[in-house]
Amino acid sequence: MSYVLRPYQQEAVARTVAFFRKTDSPALIVLPTGAGKSLVIAELARIAKQKILVLAHVKELVEQNAQKYESFGLAASVFSAGLKQKSLSEQVTFASIQSLSRNLNQLNEHYSLVIIDECHRVSGDDKSQYAKVIDALKRHNAKLKILGLTATPYRLGIGWVYHRHYHGFVRGNAESPFKECIFELPLRYMIKHQFLTPPKELDAAISHYDFSSLSSNAFGQYSQQDLNQLLQANTRATQTICEDIVKHSENREGVMIFAATVRHAQEVVGYLHGQSCALITGDTGHSERDKIIAKFKQRQLKFLVNVSVLTTGFDAPHVDFIAILRPTESVSLYQQIVGRGLRLSSGKSDCLVIDYAGNGFDLFHPEVGSKKGNSDNEPVQVLCPGCGFANIFWGKIDGAGKVIEHFGRRCKGLLEDEHGYKEQCDYRFRFKECDNCGTQNDIAARECHSCHAIMADPDDKLRAALNLKDALVLRCSGLSVSTLVNHTQIIKLTYFDEDGASCDEIYDFSKPGARYIFNKQFGKRTNNGQTPVDYKLAEQVIENETLLVAPDFVIARKSKKYGWKVADKLFDYQGSFRKANQLSR
């Protein structure tokens with residue numbers, strides 16, 4: 001049996017070959033769920049001249065990739081305890097990362113290439129299973145090529161898993177496990193060319209769960225206890241939602257329900273009593289899980305309820321209804337969940353998607369790369385004033401569609417010189433200045449990237465000021481601008497505390513030094529850094545008063561002559577103290 005690659009699959013293979021002819025840097029390919037990663041893997045394995053490994057994190061993916069490869073009459077080994085095979089004899093081996101990392105001593109040969117499926121699971125941790133396997137392989141081949149494939153190249157809490165993109169922008173950093181994304185295919189392309197089933201996203205006609213009161217950790221994960229407490233208080237909502245799911249599923253073939261917790265999933269199954277359904281959780285035994293999945297794929301079951309176990313490596317093309325009953329702050333996870341229902345299947349015209357948790361993600365919008373934060377945040381486009389690159393950040397827009405706030409830090413544009421050297425644009429929308437040399441650094445930096453001086457911790461500054469009797473710390477909630485009477489080029493900035501306290505600061509715009517300091521602090525940040533201004537006249541500042549960004553904290557010291565005199569201002573604060581208008585923490 002032979003196979004014919006689709007044009008985009010051929011391009012992905014060609015780009016991989018061309019890239020690895022030039023460099024040994026780890027590369028990454030982004031293909032939506034259902035785009036046929038297994039065919040790309042099969043073709044790369046087929047044309048390889050030396051031994052290669054294909055790694056996956058679940059036995060289902062190992063088995064799928066191996067079966068796809070062998071279906072073309074090609075021989076392969078399988079190394080997976082879950083599949084009861086541990087062989088490395090063939091030129092191509094499909095392996096479970098868990099099984100292989102426990103048998104590193106068997107990696108005693110020269111391998112030319114490692115392909116990692118669902119590579120967004122790879123981190124920069126040098127003690128991880130992936131790192132151990134790669135280190136073992138590099139002992140026999142220092143020039144080992146590493147290729148990752150994923151539909152979602154980002155993980156909350158870690159960030160983008162690659163650094164540079166071939167379209168000319170930066171997403172991760174120099175420590176990202178994959179150095180370059182060499183090919184990416186948009187989901188819209190797959191649907192437009194009928195390679196995937198179009199999603200039919202419906203707003204639930206009934207009340208959503210409201211998870212907005214819960215907080216998550218850096219990885220976008222919620223406390224199981226908090227979730228259970230909230231859901232226990234919303235049992236009526238769960239029953240109503242389940243009734244709605246049954247109603248919408250009348251003309252559907254396969255329904256996948258993603259629950260928030262095990263207790264929640266059990267409750268859902270209880271309300272689906274009388275329906276052909278089953279539940280899979282992390283505690284479901286392997287044999288029992290395999291039986292349930294087989295029944296579902298054979299359509300002996302219509303409803304499959306799960307808790308965080310069927311988001312990747314699960315392939316049931318007949319699924320045509322995805323019901324999301326769990327919160328997530330990860331666009332990646334949301335895309336993985338919906339992707340379970342987008343594969344083509346005979347008689348399937350669309351996949352119904354109903355988000356009962358009110359996550360509010362745009363399935364087609366590019367991943368932003370950080371936690372969404374407030375529920376009303378949405379992806380916004382912000383042009384870099386330095387290089388013109390169109391960044392996508394979380395932010396807010398007004399009724400006219402204008403960006404009124406965004407939370408980007410640094411431009412993601414990738415600049416290339418005449419020698420082909422690529423470097424990230426150094427424009428920063430938010431920054432922390434080095435007290436030693438004045439260089440702008442990332443707001444979380446602890447050491448200046450220019451002079452390497454240790455940078456003062458904003459929390460230390462606040463603690464020190466709070467311990468002084470002659471210091472005033474304003475939790476700044478805004479500012480106003482005015483000119484002094486008879487001095488049109490002298491402006492007064494008044495900073496307001498949320499409790500009504502205030503203090504003033506004077507800038508004489510007739511003096512170059514004062515203009516320089518003002519522009520360094522406020523001009524660069526005008527309109528959240530989207531449209532920085534080099535203010536030359538006081539009247540320009542007055543005109544742009546509403547676009548000035550106030551500091552988060554103002555520290556003032558008592559002066560016998562001037563009263564409270566501003567000693568320091570903290571912009572773009574990310575520390576442990578509460579900022580104005582935030583809930584106490």
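Reader: Where does UniProt place the feature "domain: Helicase ATP-binding"?
Author: The model is predicted, so local features need pLDDT of at least 70 and side-chain atom pairs count only at pLDDT 80 or more, while totals for chains, interfaces and linings use all residues. Residues are numbered from 1 along each chain as its sequence is written, and side-chain values use heavy atoms, without hydrogens and water. The UniProt record is an unreviewed entry, and its annotations, given in the numbering used here with shortened feature names, may be inferred rather than shown by experiment. That record places the domain at residues 18-153.

Reader: How far apart are the end C-alpha atoms of residues 18-153?
Author: Helices (H or I, at least four residues) and strands (E, at least two) are DSSP runs, numbered from the N terminus. Over residues 18-153 the chain is 32% helix and 25% strand. The C-alpha atoms at the two ends of this stretch are separated by 21 Å.

Reader: Is Phe 19 buried or exposed?
Author: Phe 19 belongs to helix 1, residues 7-22. Apart from neighbours within four places in sequence, its contacts (heavy atoms within 4.5 Å) are Ser 25, Ala 27, Glu 180 and Ile 182. Buried means under 20% relative accessible area, exposed over 50% and partly exposed in between, with a 1.4 Å probe and protein chains only. Because its relative accessibility is 9%, Phe 19 counts as buried.

Reader: Which residue of strand 12 stands opposite His 165?
Author: Two strands pair if DSSP finds at least two bridges between them. Strand 10 (residues 162-165) and strand 12 (residues 178-184) are parallel partners over three bridges. Opposite His 165 in strand 12 is Cys 181.

Reader: Which residue takes a positive phi in the hairpin of strand 10 and strand 11?
Author: Strand 10 and strand 11 (residues 169-170) run antiparallel and are joined by two bridges, with Arg 164 opposite Val 170. Three residues lie between the strands of this hairpin. The positive phi, near 100 degrees, is that of Gly 168.

Reader: What is the order of the strands in the open sheet of six strands?
Author: The pairing in this sheet is parallel. Strand 13 (199-202) and strand 15 are the edge strands, each pairing on one side only. The order is 13-18-17-14-16-15.

Reader: At what angle does helix 11 run to strand 17?
Author: Axes are lines fitted to C-alpha atoms, for helices over the stretch in contact, and angles run from 0 to 180 degrees between N-to-C directions. Helix 9 (residues 262-271) lies across strand 14, strand 15 and strand 16, at about 175 degrees to strand 15. Helix 11 (residues 331-339) lies across strand 13, strand 14, strand 17 and strand 18, and its angle to strand 17 is about 145 degrees.

Reader: Which residues of helix 10 are buried?
Author: Helix 10 (residues 286-297) is covered on its buried residues by elements including helix 3 (59-70) and strand 14 (254-258). The face turned away from the buried side carries the exposed residues Ser 287 and Lys 291. The buried residues are Arg 289, Ile 292, Ile 293 and Phe 296.

Reader: What arc around the axis of helix 10 do these buried residues cover?
Author: An α-helix has 3.6 residues a turn, so residues three or four places apart point the same way. In helix 10, Arg 289, Ile 292, Ile 293 and Phe 296 are buried. They lie on the same side of helix 10 because the arc they cover, taken from the directions from the helix axis to the C-beta atoms, is only 95 degrees.
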